[in-house]
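Colleague: Could you take a close look at one part of this model for me? I'd like to hear about the salt bridges and where they sit.

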Amino acid sequence: MVRLGEKLCQTPEEFKAWSQNLGHESVLTSFYSYGDVPDYKQAELLRKLSKPAENVSPDMEQQIKLFLQFQQKEGNL
């Protein structure tokens, strides 16, 4: 179900709602428990990320900044 949510959800908020619907208290439960990305998909995503983003909303930029701050706080970056 987590993999399906990864494909269907378009925003972090949608995935959070999906995660809650699965009974996970935290979205990180979904990511840490079920979020492994296969090697081929990881390479595909990183190639996609290497291209400049188009039309990134200010809201999304803020969410990315908050995520990076969280990762630094947790020692994952």
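Modeller: Helices here are DSSP runs of H or I, at least four residues long, numbered from the N terminus. Keep in mind that this is a predicted model. With that in hand, the protein chain comes out as five helices and zero strands, and two salt bridges turn up in the count.

Let's start with the pair in α4, the helix that covers residues 39-49. Lys-41 and Glu-44 both belong to it, three residues apart, or about one turn of the helix. Their closest N and O atoms are 3.3 Å apart, and the cut-off for a salt bridge is 4 Å, so the pair counts as one. Neither partner is hidden away: Lys-41 is partly exposed at a relative accessible area of 30%, and Glu-44 is partly exposed too, at 37%.

The other pair sits in α1, residues 2-8. There Glu-6 bridges to Arg-3, with 3.4 Å between the closest N and O atoms. The spacing is again three residues, about one turn of the helix. Arg-3 has a relative accessible area of 40%, which makes it partly exposed, and Glu-6, at 31%, is partly exposed as well.

As for the wider setting, the protein chain has 9 positive and 11 negative charges, and their mean positions lie 5 Å apart. Of its 77 residues, 13% count as buried. The chain exposes about 6700 Å², with 55% of that coming from carbon and sulfur atoms.

Key. Residues are numbered from 1 along each chain as its sequence is written. This is a predicted model: local features need pLDDT of at least 70, side-chain atom pairs count only at pLDDT 80 or more; totals for chains, interfaces and linings use all residues. Side-chain values use heavy atoms; hydrogens and water are left out. Helices (H or I, at least four residues) and strands (E, at least two) are DSSP runs, numbered from the N terminus. Buried means under 20% relative accessible area, exposed over 50%, partly exposed in between (1.4 Å probe, protein chains only). Accessible areas come from the Shrake-Rupley method with a 1.4 Å probe; for residues, only the protein chains shown count as cover. Lys and Arg count as positive and Asp and Glu as negative; His and the chain ends are not counted. The place of a charge is taken as NZ of Lys, CZ of Arg, CG of Asp or CD of Glu. A salt bridge is a side-chain nitrogen of Lys or Arg within 4 Å of a carboxyl oxygen of Asp or Glu.
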